[in-house]
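Please look over the chain below. The report works through selected strands, turns and buried positions.

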Amino acid sequence: MWVRRGASPDVNARGGDARAADGGFGYVSVVFPAPAAPMPTIRRLAVLVALPLLVAAACSGDEADTGDTSTLPPGMAQSTGRTNADLPPPSVPFSGATPVVTASVLKRFPHDTGAYTQGLVLAGSRLLESTGRYGVSDVRETVLATGAVVRRTRMADTYFAEGLARVGDRLFQLTWREGTGFRYDATTLAVVDSFAYSGEGWGLASDGTVLYGTDGSTRVSVLDPSTLSVVRSFVVTEAGTPVPALNELEWVDGELWANVFQTDYIARIDPATGVVKGYVAIGGILTPEQRASVQARGGTANGIAYDAASGRLVVTGKLWPLVAQIRKP
Ligand SMILES: [Ca+2]
């Protein structure tokens, strides 16, 4: 469960207690938020480099997807300690009785093959994306149809960007292991302030009222966006078994959707019970060649965004060459 910084010892590693608590996996769930007490935001802001209106037309197309794939992208080195990202992916679906729908692709749009997608939000034709890795993390706005970056706020090299969610005119962004989240103006992508938490930050989404967050474990934490206090949390289960490695999130018409890290499955979660009602399989969206390239470069499926006004639903992945609009099941 999410805890306030300093309220418990650091258990951000594989541990027997957490393994038992989470149902047989080593994924440890420990996050979070400090109360509303403000961080020294001026200091935080000083290390951010804002590059408004950066036009980067070179960001689209599949051409970069055929390059050298022998090494991981820069910024993936882990300095110390194990994280939930080190653990093996779960073999979902656990039960043959759990419904699985294969994603039906309606359109394909270009995606920056260097974007290590960690958070994805769709607002009309604006695709807002949080991209990770040390040294290159940012929050960016792209044009869905072209993939062109029209606005970007880069982060200091010490931050690895993670989940992104919009509540009203604010964007909330987590970082992986840095214990710092950021709030942005959702229109300009200017940093508004920051907040502190303990544990790993992975996915983030909002139903317009509260925030839902993951940390790579089996648990989802529900937060009040105004105070960043934990309202409640729940363990996600499929056929009675906890589902670990929950990653990028999206609120889709009353369901919480979650990428299961290093798998081709998106879990459709009942937010009241934590029960997985079914999966969306997205493994067939990439061609075998695209898939091999993404895997060789350290990418994987991650990123779901839904614009309720238009009913448009898109998915992508870290280092994927495309964003796919899929039919909502
Ligand atoms: Ca999302």
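Arg 297 is buried, because 22 other C-beta atoms lie within 10 Å and 20 or more are enough to count as buried. This is a predicted model. Arg 297 sits in the loop between helix H3 (288–296) and strand S22 (301–307). Trp 320 follows 23 residues apart in sequence, and the C-alpha atoms of Arg 297 and Trp 320 are 9.9 Å apart in space.

Strand S22, which comes after that loop, is mostly covered. Of its 7 residues, 6 are buried. S22 pairs with strand S23 (residues 312–317) in the antiparallel sense, over 5 bridges. One of these pairings places Ala 301 opposite its bridge partner in S23, Gly 317. The hairpin of S22 and S23 has 4 residues between the strands. There, Gly 311 takes a positive phi near 75 degrees.

**The chain as a whole**

The chain has 329 residues, and buried residues make up 47% of them. Its secondary structure comprises 3 helices and 24 strands. Among contacts with a separation of 6 or more, 61% join residues 24 or more positions apart.

**Strand S13 and its two partners**

Strand S13 covers residues 211–214. Leu 211 and Gly 213 point one way, while Tyr 212 and Thr 214 point the other way. In a regular strand the side chains alternate between the two faces of the sheet. Which of the four residues in S13 are buried or exposed? All are buried.

S13 pairs with strand S12 (residues 204–206) in the antiparallel sense, over 3 bridges. S13 also runs antiparallel to strand S14 (residues 219–223), joined by 4 bridges. Gly 213 takes part on both sides. Its bridge partner on the S12 side is Leu 204, and in S14 the partner is Ser 221.

Each pairing is a hairpin with a glycine at positive phi. The table sets them beside the hairpin of S22 and S23.

| Hairpin | Residues between strands | Glycine | Positive phi |
|---|---|---|---|
| S12 and S13 | 4 residues | Gly 208 | near 100 degrees |
| S13 and S14 | 4 residues | Gly 216 | about 85 degrees |
| S22 and S23 | 4 residues | Gly 311 | near 75 degrees |

**A five-stranded open sheet**

Another part of the chain forms an open sheet of 5 strands. Its order is S2-S21-S20-S19-S18, with mixed pairing. Strand S2 (100–102) and strand S18 (246–252) stand at the edges. Each has a single partner strand, so one side of each is left without a neighbour in the sheet. Neighbouring strands of this sheet are turned by 25 degrees against each other on average, direction ignored.

The partner of S18 is strand S19 (residues 255–260), in the antiparallel sense over 5 bridges. Trp 251 has Leu 256 as its bridge partner in S19.

**The nonpolar core**

Leu 256 also appears in the largest nonpolar core, which has 76 residues. Which members touch the most others? They are Leu 256, Ala 258, Val 260, Ile 266 and Ala 267. In soluble globular proteins, nonpolar side chains tend to be buried together.

What does Ala 258 touch, not counting residues up to four places away in sequence? Its contacts are Gly 203, Thr 214, Leu 246, Asn 247, Leu 249, Ile 266, Ala 267 and Ile 269. Of these, Thr 214 belongs to S13. Leu 246, Asn 247 and Leu 249 fall within S18 (246–252). Ile 266 and Ala 267 are named among the core residues above.

Note on methods: Residues numbered from 1 in each chain as written. Predicted model: local features only at pLDDT ≥ 70, side-chain atom pairs only at ≥ 80, totals over all residues. Buried ≥ 20, exposed ≤ 12 C-beta atoms within 10 Å, placed from the backbone. Helix = DSSP H or I, 4+ residues; strand = E, 2+ residues; numbered from the N terminus. Pairing = 2+ DSSP bridges. Core = buried A, V, L, I, M, F, W, Y, C linked by C-beta atoms within 7 Å. Contact = placed C-beta atoms within 7 Å. Axes fitted to C-alpha atoms, helices over the stretch in contact; angles between N-to-C directions.
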